[in-house]
Amino acid sequence: MPSAAATETPGPTGRRGRPGYDQQSVLNVAVQVFNRHGYDATSMGILAENLGISKSAIYHHVPSKEDLLALALEQALGGLESVWDAPESQEGSAEERLEFVVRSTVKVLTERLPFVTLLLRLRGNTETERKAMERRRGFDRKVAELIEEAREEGTVRKDIDPRTVSRLLFGTINSIVEWYRPGGSLTSEKLADDVVAVLFNGLHTRS
């Protein structure tokens, strides 16, 4: 949980908070609570209890619980979508670009773990959730297109259905949010290396 230092710090939107919390620190705690209880089951009262402030103090930072959700999902989606802005995702063979995207996606997951966890657990019950899920599907579609490119250039096997490849790839990467714990012996860099090794080279030892 973030430190409640008695200072006023502008949040990411420039909005100043009350002493003890800024918008980002409120958001960090809110995401932890959403992931623990589920977004639908979390009330502003529960958030206030976990923050140790009143509900009115939360409203000083954000207009509503759904606005907190939107801010949190932007941290996850913005990180994922930024992967496509890097030159490495645009240049080189499809296989090289695909490997870069996989590595970068693992990096985003580990660096923004609580936020991506929230994204992957959405149920689509609100307009904010549905818009976020559509953006996530857009990311998935771009990866699927890259897999198809790699199949066409002959660097990815053609005997496996591309939809299966895509689902297995996403399933492997998305599972990271359920078991990875930052700060342990497995660094994010080593995790990315291991994911790439398994996805691209398999588990068989090389002779």
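Biologist: Which residues of α4 are buried?

Modeller: The model is a predicted one. Helix α4 covers residues 65-82. Its buried residues are Lys 65, Leu 68, Leu 69, Ala 72, Leu 73, Ala 76, Leu 77, Gly 79 and Leu 80.

Biologist: What do the buried residues of α4 pack against?

Modeller: Their contacts are with other helices, α1 and α2 (44-51) among them. The full set of partners is α1, α2, α5 (94-111), α6 (113-120) and α7 (127-153).

Biologist: How far apart are the end C-alpha atoms of helix α4?

Modeller: The helix has 18 residues, and at 1.5 Å a residue it should span 26 Å. The distance in the model agrees with that: the end C-alpha atoms are 26 Å apart.

Biologist: Is Asn 35 buried or exposed?

Modeller: Asn 35 lies in helix α1, residues 23-37. Leaving out residues up to four places away in sequence, it touches Pro 114, Thr 117, Leu 118 and Arg 121. Its relative accessible area is 19%, and the cut-off is under 20%, so Asn 35 counts as buried.

Biologist: Which helix gives the most to the lining of the largest pocket?

Modeller: The largest pocket holds about 430 Å³ of space. At least two lining residues come from each of α5, α8 (162-174) and α10 (188-201). With three residues, the helix that gives the most is α8.

Biologist: How many residues of the lining of the largest pocket are nonpolar?

Modeller: The lining includes Glu 95, Arg 157, Thr 155, Leu 98 and Phe 200. By class, two lining residues are charged and one is polar, while the nonpolar ones number eight.

Key
Residues numbered from 1 in each chain as written. Predicted model: local features only at pLDDT ≥ 70, side-chain atom pairs only at ≥ 80, totals over all residues. Heavy atoms only, no water. Helix = DSSP H or I, 4+ residues; strand = E, 2+ residues; numbered from the N terminus. Buried < 20%, exposed > 50% of the residue type's maximum accessible area, 1.4 Å probe, protein only. Contact = heavy atoms within 4.5 Å. Expected span 1.5 Å × (residues − 1). 1 Å grid on protein atoms, 1.4 Å probe; cavity = no way out; pocket = protein on both sides within 12 Å on 5 of 7 lines; lining within 4 Å. Points joined across faces, edges and corners; volume = space filled by probe spheres on them. Nonpolar A, V, L, I, M, F, W, Y, C, P; charged D, E, K, R; others polar.
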